[in-house]
Amino acid sequence: MNKLMDILIENNLALLTLNNPPVNALSLKLIAGLKEVFWDLNKKGNIKVIIITGAGRTFCAGADIKELSAIKTRKDGEAFAKNGQELMDIIESSTIPVLAAINGACIGGGMELAMACHIRIASEDAWFSQPEINLGIIPGFGGSRRLPKIIGRGKAIELLITGNKVSAKEVLAIGLLNKIVPRDKLMDEAKELAGRIANKSRLAVSLCLKAIYGVEEEDKLFGKVCETEDKDEGIRAFLEKRQAVFKDK
């Protein structure tokens, strides 16, 4: 248990709840804790989906402003940014699908955290912003790289150089979210979606993520999955008109 994060393992689902009051800021300690948790979870063979959410009414309000204000040199700034980028790269390259359940304000580094996740759903009252420009800085945890890839360059430039606050509905419309739901249904929806993913072959899901993110060429990954027991079970179940029972082999 990390004191800045609650970790709940339910069967093959890991629920990570950021718990760094009052706004779940990505402090250096929380970043270090998240890195350690992701390394550990990716080593386990039984975890098939990871959900990240925030305690209270805030998903994550970004970097710790006290730590940010203490940075005075280029060298320290680069080190600060690289540390955050390393976490986001670990999440994005996770072989376990990562789902962000965004339950409120998703700001700055919090939005960069959400973008590093593979799937994003949010409560209807959630809101989003990359407000770094208002502080005289720019995103440091990969936001200027990931946002254009997800929503397109034009809209990304607008959000990044205005720092505008946008609603969940607006963010859904531009493709940053997969779905929005009422606040009281958010975790139920996240767990239901995670359950559907968990019913698939863990190996096939991980190879699909590798193909999507260009880790390996799709034909080579397809070749790998063709040698698995899960491939045989999946096709056999389809022909027999039944639910496949995958063994992740």
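Guide: The expected span of a helix is 1.5 Å times one less than its number of residues, and we can try that on this structure, which is a predicted model.

Visitor: OK, how does the span work out for helix α1, residues 28-43?

Guide: Helix α1 has 16 residues, so at 1.5 Å a residue the expected span is 22 Å, and the C-alpha atoms at its ends are 23 Å apart, which agrees.

Visitor: And which residues of α1 are buried?

Guide: The buried residues of α1 are Leu30, Ile31, Gly33, Leu34, Lys35, Val37, Phe38 and Leu41.

Visitor: What do those buried residues of α1 pack against?

Guide: They pack against the strands β1 (5-10), β2 (13-18), β3 (49-54) and β5 (98-102), and also against helix α3 (74-92).

Visitor: Let's go to the loop between β2 and α1. Which residue there has a cis peptide bond before it?

Guide: That is Pro22, which lies in the loop between β2 and α1, and the peptide bond leading from Pro21 to Pro22 is cis, with omega near 5°.

Visitor: What about Asn24, is it buried or exposed?

Guide: Asn24, which is found in that loop between β2 and α1, counts as buried because its relative accessibility is 2%. Its phi is positive, at about 55°, although Asn24 is not a glycine.

Visitor: New topic: how do helices α9 and α10 run relative to each other?

Guide: The axes of α9 (residues 202-212) and α10 (residues 218-225) come within 9 Å and cross at roughly 175°. An angle over 145 degrees counts as roughly antiparallel, and α9 and α10 are therefore roughly antiparallel to each other.

Visitor: Which residues meet between α9 and α10?

Guide: On the α9 side they are Ala204, Leu207, Lys210 and Ala211, and these meet Leu221, Lys224 and Val225 in α10.

Visitor: What else do the buried residues of α9 pack against?

Guide: Besides α10, the buried residues of α9 pack against α1 and α8 (186-198). Those buried residues are Arg202, Val205, Ser206, Leu207 and Leu209. After α9 comes Gly214, whose phi is positive, near 70°.

Visitor: Arg202 is on that list; why does it count as buried?

Guide: Arg202 has a relative accessibility of 17%, and buried means under 20%, so Arg202 counts as buried.

Visitor: Then what is Arg202 in contact with?

Guide: Leaving aside neighbours within four places in sequence, Arg202 is in contact with Asn42, Lys44, Gly45, Ile47, Lys48, Thr95, Ile96 and Asp248. In addition, the C-alpha atoms of Arg202 and Lys247 are separated by 8.4 Å, although these residues are 45 residues apart along the chain.

Visitor: You mentioned Asp248. Where is Asp248 found?

Guide: Asp248 is found in the segment after α11 (229-239), and it is partly exposed, with a relative accessible area of 28%. Asp248 also has a positive phi, of about 60°, although it is not a glycine.

Visitor: And Phe238, buried or exposed?

Guide: Phe238, which lies in helix α11, counts as exposed because its relative accessibility is 65%. From C-alpha to C-alpha, Phe238 and Asn164 are 48 Å apart in space, and they are 74 residues apart in sequence.

Visitor: Last one: which residue lies over the face of Trp127?

Guide: Lys165 lies over the face of Trp127, at 4.3 Å from the ring centre.

Methods: Residues are numbered from 1 along each chain as its sequence is written. This is a predicted model: local features need pLDDT of at least 70, side-chain atom pairs count only at pLDDT 80 or more; totals for chains, interfaces and linings use all residues. Side-chain values use heavy atoms; hydrogens and water are left out. A charge sits over a ring if NZ of Lys or CZ of Arg is within 6 Å of the ring centre and within 35 degrees of the ring normal. Helices (H or I, at least four residues) and strands (E, at least two) are DSSP runs, numbered from the N terminus. Buried means under 20% relative accessible area, exposed over 50%, partly exposed in between (1.4 Å probe, protein chains only). Contact means heavy atoms within 4.5 Å. Axes are lines fitted to C-alpha atoms, for helices over the stretch in contact, and angles run from 0 to 180 degrees between N-to-C directions. Angles under 35 degrees count as roughly parallel, over 145 as roughly antiparallel, 65 to 115 as roughly perpendicular and the rest as oblique.
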